[in-house]
Amino acid sequence: MALVQLTISALPAHVRTARLMATAVARRAGIAESALDEIRLAVGEACSRAVEAHRVHCPGRPIQLDLIDSADTTRGAGASPGTPAERASHNGKAAQRFEVVVFDRAPAKEPATAFEDPAAGLDIADGAPSDGVSGLSPDVGLAVILGLADEVSIEPHEDGTVVRMSWPLGKSDPDADSELVG
C-alpha cells in the first residue's frame, strides 16, 4: 500500500495543489482515465469545504490529505487490520482501491449561539459575494462528493471532519474497451 500525505494551509489557492496531487497519484495508481475528472472534482469539493471551515474556525491550522493506493495488498510489519488494503470486495478478494482522506480540524457543528437567534445570519445581502451566488450550504459540496466518488464516508467529530472517498483501481478505461457490434 502506497501512501502520500499532503498538508496544506487553509488558503483557496492550495485547493488546486491538492487536486493536482490527487490526480497525479491516482493516475500513477492505475485509475482509469475516465475517473480522473471525478477524482479532481471530488477532492476539490472536499478541500474547498475544509478550507472554508478552517478560515472561519481555525485559520492557522493545516488541512491534511492522505492519498492511498491499495494496489499492493501485501501487509507490511505493523500494519493494522482494517487498512484500505484489507477491505474485502463483494467477491471476497482484497479490494484494490484508490482512497483520498481529507482531515479538517474545524468543529463539525456550529456553536450554540448561532442557533439562539433564528434570524441571525440570514441577511443574504450582507456579505454576499459579487457574483450573486450565496446562501449555499456546505452540505451541497458533500452532496457533490457523494455523486462523484464510488465510496464515501463522512465522519463529523467535535474536533473536525474526516471525508473518505475511494474509487476502484483499473488499468484500462472501460469505455475504450467496449467494441461496437454492427
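1. Leu20 is partly exposed, with a relative accessible area of 47%; buried denotes under 20%, exposed over 50% and partly exposed the range in between, for a 1.4 Å probe and protein chains only. Leu20 belongs to helix 1, where helices (H or I, at least four residues) and strands (E, at least two) are DSSP runs numbered from the N terminus. Between Leu20 and Ile39, 19 residues apart in sequence, the C-alpha to C-alpha separation is 10.0 Å.

2. The model is predicted: local features need pLDDT of at least 70 and side-chain atom pairs pLDDT 80 or more, whereas totals for chains, interfaces and linings use all residues. Residues are numbered from 1 along each chain as its sequence is written, and side-chain values use heavy atoms, leaving out hydrogens and water.

3. Helix 1 has 17 residues and spans 25 Å from first to last C-alpha, close to the expected 24 Å (1.5 Å times one less than the number of residues). Its buried residues are Val15, Ala18, Ala22, Thr23, Val25, Ala26 and Ala29. These pack against strand 1, helix 2, strand 2 and strand 3. Gly30 follows helix 1, with a positive phi near 105°.

4. The largest nonpolar core (buried Ala, Val, Leu, Ile, Met, Phe, Trp, Tyr and Cys residues joined through side-chain atoms within 4.5 Å) has 33 residues. Phe98, Met165 and Trp167 are among those with the most contacts inside this core. Helix 2 (33–57) and strand 5 (160–168) are among the elements supplying at least two residues each, and helix 2 gives the largest share, 9 residues.

5. Phe98 touches (heavy atoms within 4.5 Å) residues including Ala22, Val25, Ala26 and Ala29, as well as Met165 and Trp167, not counting residues up to four places away in sequence.
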